[in-house]
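User: I have a model open at the bench and would like to understand the labels attached to it. Could you take me through the reasoning behind them?

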Amino acid sequence: APSSPVVTENGVYIGSFASKIELISSNGDHEVIAEAADWIWGTPAIDGETLYYADLTGNVFSFDLASGTQNWSIKPDGPIIASPLVVGDQIYIATESGTFYALDKDSKIVWEKDLGGEKGNIYTTPITSGDLILVAPYKADFSLAAYDVEGKQAWTFTPEK
């Protein structure tokens with residue numbers, strides 16, 4: 001398991017290099033609840049009865065915990081190492097290819113931003129700060145960018161050399 005689990009009242013959900021999501025209860029019992037095409041590097045995100053996760057092939061999955069079935073999957077533009085982030089009605093995904101996506105809960109792309117150009121990548125999970133979503137591309141023209149929920153860039157930060 002390359003990343004942290006997500007904690008719920010039912011136990012913890014964790015992704016693995018075995019390309020599986022497992023539920024591990026407080027007594028140590030575990031079961032595979034979902035699978036992916038490739039390694040699940042990031043921590044799954046939970047929103048009510050829905051679990052969101054992504055794999056290294058670049059698939060993003062929505063899984064219904066109550067029914068035990070997959071709602072949908074979508075494949076953006078590259079491998080996904082970062083964890084999904086759920087804020088309000090949107091799921092934010094950052095790809096190794098340097099693209100930052102906002103998806104709605106039905107898998108539709110709301111907006112996308114190319115942060116890396118030809119040289120940048122995104123390996124870290126986006127986070128929230130107030131009303132903004134922060135994302136930190138690697139080898140881009142800036143080290144940190146802030147976006148609102150509509151995809152408007154609020155600011156960027158580049159440290160002094």
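Analyst: Happy to. Strands here are DSSP runs of E with at least two residues, numbered from the N terminus. With that numbering, tyrosine 123 falls in the loop between strand 12 and strand 13 (127–129). Please keep in mind that this is a predicted model.

User: Why is tyrosine 123 called partly exposed?

Analyst: Buried needs a value under 20% and exposed one over 50%. Tyrosine 123 has 33% relative accessibility, so the label is partly exposed. Setting aside residues up to four places away in sequence, this tyrosine touches Ile81, Ala82, Glu96 and Tyr138.

User: How far is tyrosine 123 from proline 44?

Analyst: Their C-alpha atoms are separated by 15 Å, and the two residues are 79 apart along the chain.

User: What makes proline 44 a buried residue?

Analyst: Its relative accessibility is 4%, and the limit for buried is under 20%, so proline 44 counts as buried. Proline 44 sits in the loop between strand 4 (30–35) and strand 5 (45–47). Beyond its neighbours within four places in sequence, proline 44 has contacts that include Ser4, Val6, Tyr13 and Leu51. Leucine 85 is 41 residues away in sequence, with 8.8 Å from C-alpha to C-alpha.

User: Which label does serine 83 get, buried or exposed, and why?

Analyst: Serine 83 has 10% relative accessibility; that is under 20%, so the label is buried. You will find serine 83 in the loop between strand 8 (69–74) and strand 9 (85–87). Leaving out residues up to four places away, serine 83 touches Gly42, Thr43, Tyr92, Thr125 and Pro126. For glycine 42, the C-alpha separation from serine 83 is 4.3 Å, although their positions lie 41 residues apart along the chain.

User: What about asparagine 59: why does that residue count as buried?

Analyst: The reasoning is alike: 12% relative accessibility is under the 20% limit, so asparagine 59 counts as buried. Asparagine 59 lies in the loop between strand 6 (50–54) and strand 7 (60–64). Among the residues asparagine 59 touches outside its sequence neighbourhood are Ala37, Tyr53, Ile74 and Ile80.

User: What is notable about phi of serine 107?

Analyst: Most residues other than glycine have a negative phi. Phi of serine 107 is near 80°, a positive value in a residue that is not glycine. Serine 107 is in the loop between strand 11 and strand 12 (109–114). With a relative accessible area of 16%, under the 20% limit, serine 107 is buried.

User: And lysine 139: what is its phi?

Analyst: Lysine 139, also not a glycine, has a positive phi of about 65°. Lysine 139 is in the loop between strand 14 (132–135) and strand 15. Its relative accessible area is 52%; exposed means over 50%, so lysine 139 is exposed.

User: Why is the ring pair of phenylalanine 100 and tyrosine 147 called tilted?

Analyst: By the pairing rule there are 11 aromatic pairs. For phenylalanine 100 and tyrosine 147, the ring centres are 5.8 Å apart and the planes make an angle of 55°. Pairing asks for centres within 6.5 Å; stacked means under 30 degrees and edge-to-face over 60, so this pair is tilted.

User: What does that pair tie together?

Analyst: Phenylalanine 100 belongs to strand 11 (residues 99–104) and tyrosine 147 to strand 15 (residues 144–147), so the pair ties together parts 47 residues apart in sequence. Both residues are buried. Ring pairs also link Tyr92, Phe100, Trp111 and Tyr147 into a cluster.

User: How do you know that the whole protein agrees with a compact globule?

Analyst: For 161 residues, a compact globule would have a radius of gyration near 15 Å; this protein has 16 Å, so the value agrees. The C-alpha trace spans about 50 × 25 × 25 Å along its principal axes.

User: How many helices and strands are there, and what share of the residues is buried?

Analyst: There are 0 helices and 16 strands. Of the 161 residues, 45% count as buried. The protein exposes about 8,200 Å², with 48% of that supplied by carbon and sulfur atoms.

User: Where do the charges sit relative to each other?

Analyst: There are 9 positive and 23 negative charges, and their mean positions are 10 Å apart.

Conventions: Residues are numbered from 1 along each chain as its sequence is written. This is a predicted model: local features need pLDDT of at least 70, side-chain atom pairs count only at pLDDT 80 or more; totals for chains, interfaces and linings use all residues. Side-chain values use heavy atoms; hydrogens and water are left out. Rings of Phe, Tyr and Trp (its six-membered ring) pair if their centres lie within 6.5 Å; planes under 30 degrees apart count as stacked, over 60 as edge-to-face and the rest as tilted. Helices (H or I, at least four residues) and strands (E, at least two) are DSSP runs, numbered from the N terminus. Buried means under 20% relative accessible area, exposed over 50%, partly exposed in between (1.4 Å probe, protein chains only). Contact means heavy atoms within 4.5 Å. The radius of gyration is taken over C-alpha atoms; the globule rule is 2.2 Å times the number of residues to the power 0.38. Accessible areas come from the Shrake-Rupley method with a 1.4 Å probe; for residues, only the protein chains shown count as cover. Lys and Arg count as positive and Asp and Glu as negative; His and the chain ends are not counted. The place of a charge is taken as NZ of Lys, CZ of Arg, CG of Asp or CD of Glu.
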